[in-house]
Each structure stands twice: as C-alpha cells, then as structure tokens.
Amino acid sequence: GDCAAALGDAAALREQLAANQKLRALDPPDVETLRRAVAEAAEAQESYALERARRREIGEKLAVLQGNIRVIARCRPPVACETASGADVCAVSFPAGCDGDVAVTNDAGLKQRFEYDAVFKPGSTQAEVFEAICPLVQSAFDGFSVCIFAYGQTGSGKTHTMEGPPDDRGVYFRALRELFHARPPGAAVAVKLSMLEVYNETIIDLLAEGGSRPKLEVRQTGAGHSVPGLTSLDVESLDEVQRLTERGGANRSVGGHDLNARSSRSHLIVALDVSTTVDGTERRARLNLVDLAGSERLSRTGATGDRLKEAQNINKSLSALGDVIAALAKKHAAHVPYRNSKLTFLLQDSLSRHAKVLMFVNISPAESNASETICSLAFASRCRDVALGAASNKPDAIELAKAKQEIRALKAKLAAAAPAKGR
Ligand code: ADP
Ligand code: MG
C-alpha cells in the first residue's frame, strides 16, 4: 500500500516538474500574453457587472417609453393540411438578430417587416409565452387592471394561445394558477370568475345556471361600469376553474350552431376579479382575458344575410377596439370612444389610462394567409405605434419617430449587453 502511494507521489512530482519546465521554456512574449489574458478576464468580469446594471436601467427606460400598451406577435406552426399539401409555402420569416421583428412576403413577392415588443416563432411553447406576460398578471396583485387580447384571423392560434388544449394549457389557466399560487407574502387573495360572450353586439352570460343564456347590459354605477346580473363565482382551485369553463363552453354552443364557426364570430371574455388584502388594506383589480372574434375581412368570406351582419359587427367592434387603444395612448385626448361597440363599452373600466393592455397578434405562417397576416400585423402595429406615443407629451410624428429610434437603440444595447439569451 505504502509503496503504491510513494510511486503515485513520485509520478505526480515528475508531472509537476515537467510542467514547470514547460512554463520556464515559454518565450517571454508568451508569459506576457498570459498576463494580458488574465487582466482582460478581470476587466471583462467588471464590465459584465457594469453591463448588467446598465441593462436593468435600460429595461426600466424601455418600460417607460413603451407605456402601458404592449404588442406580442405569435406565429403558429403549419397545421397538418398545410404541410400535407406541400403547396402552401411559408410566407413568414424572422430577421436574424432582431428579436421583435417579423417579416411577411406578400402576394407580389415583396417582404414587409414589422416590429413588436416580442415575437414568438412557431416552435414557441405555452410556458415561454406565459413567461412574457406573467408580470402583467402579477400586477393585478398591486391593483392594476389588465386587458389581454388575442387578435388574428380564424385559425391563427388565438384559442390555442388563450385557452390551449387540455394537455398544453394557455393563458387562462396559467394566469389563474399564478393568481392561486404566486400570491405576495402575507397577502390574502380572492378571485372571482365570470365568462361572457359578445355576439352580434349582445352580451351573454356563459356561467348562468341551467343552460339559460341571459342577455346583459352595461350600466353606469357610482364606482364605474358594471353588468348587473352577471354571474361571478369564487374560485379557489384549477379543478373548479376547469369545471366552470366547461360549463361556459357548453353554454356557448347552445342554439345548434357549430361551435367552432360560432366561436370564431364572437368575442369570449374570461374576467377575473382579484382582491388582494395585505395588512388590512384591500386592492382590487380586474383581469380581462379576451379571445377576439376572427379578424378576417368581409370581402373574402363572401357573406350575405346573417353572416353579413355578424361580419359587420365584428369589423365594427375590432375597429372600435383599435380606436380606443389609439385614443388611450394620446395623453391629452379628451374623448375615448368606448361607446362605439359593446366590447369596448363593456371593457371600459379596464381600458383606462391606468390599466395595462397587451395584444397578442396571432398569425399563420402559410402563404395562402399572407394577405390576412399582413392586415393583422398592420392593425397590431397601429396599436403599438400609438402606444409609443404615450411616452411623450406631444405624440406627433417627430416625437414618435424619436421614441422609436430611442427604443431601437436601447434594444440594440440590450442585445449587445445580454450576458445570456433567454432566462
Ligand atoms: P383561432 O382560435 O385563432 O381560430 P386556433 O387556436 O383554433 O385558432 O388554432 C387553429 C389550429 O392551429 C388548431 O388546430 C390549433 O391546435 C393549431 N395551433 C394554433 N396555434 C398553435 C401552436 N402555437 N402550436 C401548435 N398548434 C397550434
Ligand atoms: Mg378560436
């Protein structure tokens, strides 16, 4: 045993000696290089710490500039029938090195580029998407009202993003899970759930008992606007939520309509009333999660009669939504046109200047959808442009261009400073 140990020691010693000799054999310039490398490493460490601090600062500046309206684009993967035919080419691309950019090739072969707060590619997961909006959900604990919309043509992935299949849940369930499990320390949180549908400018209570679907109206009350008679139920677990949303979904299809077709022609709102009590002080917030009706244009559907009326009502409410967001972003606009549609009238207390608004613009990658995709992206850009204007007192073209430039510069800085991509 001792002998083996001694032999081992001798071997180690020999190795050490060889290494020392090698080191001594290095030319002086090599030693110099080594020293410089060590110094550089120390410098890098220091500037890394500095950059991290700067990153935080830039991030905060960015939040102020961007205001309370965010836009996130999400492109779904091709669905089976698109890949099967082989004929439907992908029209959507993601310019390298530009996180918030997405480009679409139009029917004439021209590439149009759009820029948002974030862009999620076809491979994105529900968890990644939720992570991007989680801070918004959490701000409900602080008493901020929040509206999250999914906008896009039928089949672009709105329901996938908001509801998601049972084995891959989307925003509704993840938001509720956050509200149940991520409450601030020492806080008592109570959540109430309502589920409504806005169809042909009527509001329908989807959680009403016994399969009745009472029509509701928005009324002005002392504290704001409310919907008298709307079912609002305490929820404490995801199982409960699951049961209730199933009930709501079933109510939605009453009337012999094909569920899918019907659901694409109405707006679905999951409304959460969140009450957070810390040290005897209660804060209330409303979180509206909205799966909007399909944004496809009338001309393509060739609608007549009832279909035409539905389509006109959808056009009206979606453009009213765009107008309200536009007015919100102008600090000094006297008038926000909430009354132009049931949807905006219903949501008006949560669509105030103090609320936080997030728009998902869902798009299809398919070439056959390119013109609808461009329309959706243009709508979303309009929301975002006005949102940028919110940061300045004079939201005119020059200010807007300046703000955009500043944001682009800040984002570039952020990208350059990023220690590691993603989290
Ligand atoms: P919309 O609600 O906008 O009409 P859906 O959410 O119903 O669209 O999506 C249309 C189809 O595409 C569905 O079959 C859905 O499962 C699929 N899909 C949408 N988004 C995704 C995604 N991110 N990943 C996988 N499949 C998706
Ligand atoms: Mg849908």
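Q: Helices are DSSP runs of H or I with at least four residues and strands are runs of E with at least two, numbered from the N terminus. Which helix gives the most to the lining of the second largest cavity?
A: Heads-up: this is a predicted model, with pLDDT of at least 70 needed for local features and 80 or more for side-chain atom pairs, while totals for chains, interfaces and linings use all residues. Residues count from 1 along each chain as its sequence is written, chains are lettered from A and ligands numbered from 1 in written order, and side-chain values use heavy atoms, without hydrogens or water. A cavity is a set of points on a 1 Å grid over the protein atoms alone where a 1.4 Å probe fits but cannot get out, and its lining residues have an atom within 4 Å of a point. Helix 4 (126-138) and helix 6 each give two or more residues to this lining, and the biggest contribution, 3 residues, is from helix 4.

Q: How many charged residues are in the lining of the second largest cavity?
A: The lining consists of Arg74, Gln126, Val129, Phe130, Thr161, Arg169, Gly170, Val171 and Arg174. Ala, Val, Leu, Ile, Met, Phe, Trp, Tyr, Cys and Pro count as nonpolar, Asp, Glu, Lys and Arg as charged, and the others, Gly among them, as polar. That splits the lining into 3 nonpolar and 3 polar residues, and the number charged is 3.

Q: What volume does the largest cavity have?
A: There are 2 cavities of 30 Å³ or more. Grid points are joined across faces, edges and corners, and a volume is the space filled by probe spheres set on the points. The second largest cavity comes to about 30 Å³, and the largest to about 60 Å³.

Q: Which element gives the largest share of the lining of the largest cavity?
A: Among the lining residues are Tyr199, Arg265, His267 and Glu310. Strand 7 (188-199) and helix 10 (305-329) are the elements that give two or more residues. With 4 residues, the largest share belongs to helix 10.

Q: Why is helix 6 described as largely enclosed?
A: Buried means under 20% relative accessible area, exposed over 50%, and partly exposed in between, using a 1.4 Å probe and protein chains only. Val171 and Arg174 of helix 6 are both buried, and both also line the second largest cavity. Helix 6 (residues 171-181) is largely enclosed by the rest of the structure because its buried residues number 9 of the 11.

Q: Which residue in strand 5 stands opposite Arg74?
A: Two strands pair if DSSP finds at least two bridges between them. Strand 1 (residues 69-75) has 6 of its 7 residues buried, so the rest of the structure largely encloses it. It runs parallel to strand 15 (residues 356-363) over 7 bridges, and parallel to strand 5 (residues 118-120) over 3. In strand 5, Arg74 faces Phe120.

Q: Which residue has a polar side-chain atom 2.8 Å from an oxygen atom of ligand 1?
A: Near here means a heavy atom within 4 Å, and the residues around ligand 1 include Arg74, Thr154, Gly155, Gly157 and Lys158. A polar contact is a pair of N or O atoms within 3.5 Å; within protein, one must be able to donate a hydrogen and the other to accept it, and residues adjacent in sequence count only if both atoms are side-chain atoms. Backbone N or O atoms of Gly155 and Gly157 sit 2.6 Å and 3.0 Å from a ligand oxygen, respectively. The side-chain contact at 2.8 Å is made by Lys158.

Notes: 1 Å grid on protein atoms, 1.4 Å probe; cavity = no way out; pocket = protein on both sides within 12 Å on 5 of 7 lines; lining within 4 Å.
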